[in-house]
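Please open the model in a viewer and keep the selection tool at hand. The tour below proceeds one selection at a time.

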Amino acid sequence: MEDSQLAQYVPVLILGLVAIGFAFGTLVLSDRLGKKGRRNRIKDTAYECGMLPVGEGSTRLSVKFYLVAMLFILFDIEVIFLYPWAVVYKEMLKQPAYANLIFGSMLTFIAILFVGYIYALKKRAFDWKS
């Protein structure tokens, strides 16, 4: 029985080896067949719409931007966890042993996130001005 279970992974292993071989093969082929010319400063500059680049390519962003981005990801992940819970909630209510458990665990999850949200509000993390 164990041999048949392991044999099911052989196509996945072959597919992985083919994918890795293709990735490295195209890199080697590109290196061998690509044009080898001398590069100069003009060829290495960024090209966009025919305009000469002015200033640095990447500007510095405020730390506030990253804080708001992380908060957005946090609350976006909350929605990702709430959706499957909402889908299976009716099915879980049919089993009396799980009825209070699933509702309590989700209330605990939302309460922890709400505390984090209040903390972010108190620290003025959502203010863009400063």
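Which side chain of opposite charge is nearest to Glu78, and how far away is it? The model is a predicted one, and the tour begins with this residue.

Select Glu78, which lies in helix 4. The residue is buried yet forms no salt bridge. The nearest side chain of opposite charge is that of Lys122, 19 Å away. Next, display the surroundings of Glu78: beyond its neighbours within four places in sequence, Glu78 is in contact with Phe109 and Leu113.

Now select helix 5, residues 96-122. Its 27 residues reach 40 Å from the first C-alpha to the last, close to the 39 Å expected at 1.5 Å a residue. Within helix 5, colour Ala99, Ile102, Met106, Leu113 and Ala120, which are buried. Leu113 thus appears twice on this tour, as a contact of Glu78 and as a buried residue of helix 5. Show helix 4 (63-93) as well, since this helix is included in what covers the buried residues of helix 5.

Move just past the end of helix 5 and select Arg124, where phi is positive, at about 60 degrees.

Finally, return to helix 4 and select Ile77. Is this residue buried or partly exposed? Ile77 counts as partly exposed because its relative accessibility is 38%, which falls between the limits of 20% and 50%. Extend the selection to Phe72, Ile73, Ile80 and Phe81: together with Ile77, these residues make a nonpolar surface patch of about 530 Å².

Note on methods: Residues are numbered from 1 along each chain as its sequence is written. This is a predicted model: local features need pLDDT of at least 70, side-chain atom pairs count only at pLDDT 80 or more; totals for chains, interfaces and linings use all residues. Side-chain values use heavy atoms; hydrogens and water are left out. Helices (H or I, at least four residues) and strands (E, at least two) are DSSP runs, numbered from the N terminus. The expected span of a helix is 1.5 Å times one less than its number of residues. Buried means under 20% relative accessible area, exposed over 50%, partly exposed in between (1.4 Å probe, protein chains only). Contact means heavy atoms within 4.5 Å. Lys and Arg count as positive and Asp and Glu as negative; His and the chain ends are not counted. A salt bridge is a side-chain nitrogen of Lys or Arg within 4 Å of a carboxyl oxygen of Asp or Glu. Patches are made of residues with over 30% relative accessible area and no salt bridge: like charges are joined within 9 Å, nonpolar side chains (Val, Leu, Ile, Met, Phe, Trp, Tyr) within 5 Å. Accessible areas come from the Shrake-Rupley method with a 1.4 Å probe; for residues, only the protein chains shown count as cover.
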